[in-house]
Amino acid sequence: MPVQIVAEQEYFVGQDTVVEGAAPEGHFAAVFEDDGTTAYFYALDTSVEKQSIQDAMQIYNVANVTDRSKASVVKVGWSVDSQKVVLIINGYPHAVFDFREKQGFCRTGFPPAPSNGLWSIQGHAWSEAALELFA
């Protein structure tokens with residue numbers, strides 16, 4: 001899976017953490033946020049002035065993470081065309097956004113579909129095919 005890692009940070013699940021990774025080219029970005037209760041992954045289009053967040057997916061509920069006392073490493077990586085981004089935690093892909101197709105995939109599948117009707121209209125269900133976007 002050829003991925004260009006643009007952001008990497010060690011953190012502890014449940015502690016306020018924000019990791020932003022801009023695409024190597026263009027105006028897209030992705031942000032991982034753990035607010036102490038839940039963690040989300042956001043797709044941003046920085047060329048949109050009023051609402052840059054295009055889609056969001058829940059990555060985990062802190063209360064459900066059994067090894068949260070151990071340090072974790074979060075990485076944000078982009079495809080060579082700067083159109084797809086993957087969230088990797090401890091070496092494991094948890095979520096993917098495809099900006100060209102306006103589709104997000106995450107292991108939790110939550111939320112089922114965003115309210116804006118523009119992104120991920122089929123929902124956020126995980127598919128191993130999402131990783132093939134980086135081939």
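Two strands count as paired if DSSP finds at least two bridges between them. That rule frames the tour of this predicted model.

Start with strand β3, residues 28-34. Seven bridges join β3 to β4, and the two strands run antiparallel. Within this pairing, F28 stands opposite D45 in β4. The hairpin of β3 and β4 has three residues between the strands. There, G36 takes a positive phi near 100°.

Now follow β4 itself, residues 38-45. On its other pairing, seven bridges join β4 to β5, residues 53-61. These strands also run antiparallel. A39 stands opposite Y60 in β5. Strand β4 is mostly covered. Seven of its eight residues are buried.

Next, turn to a loop. S82 lies between β6 (71-78) and β7 (84-89). Is S82 buried or exposed? The cut-off for buried is under 20% relative accessible area. S82 has a relative accessible area of 3%, so S82 is buried.

What is S82 in contact with, leaving aside its neighbours within four places in sequence? The residues are A23, P24, E25 and F28. One of them, E25, offers a polar partner: its backbone nitrogen lies 3.2 Å from a polar atom of the S82 side chain. Another, F28, leads back to the start of the tour. F28 is the residue that stands opposite D45 in β4. Through F28, the loop residue S82 is in contact with a residue of the β3 and β4 pairing.

Technical notes. Residues are numbered from 1 along each chain as its sequence is written. This is a predicted model: local features need pLDDT of at least 70, side-chain atom pairs count only at pLDDT 80 or more; totals for chains, interfaces and linings use all residues. Side-chain values use heavy atoms; hydrogens and water are left out. Helices (H or I, at least four residues) and strands (E, at least two) are DSSP runs, numbered from the N terminus. Buried means under 20% relative accessible area, exposed over 50%, partly exposed in between (1.4 Å probe, protein chains only). A polar contact is a pair of N or O atoms within 3.5 Å; within protein, one must be able to donate a hydrogen and the other to accept it, and residues adjacent in sequence count only if both atoms are side-chain atoms. Contact means heavy atoms within 4.5 Å.
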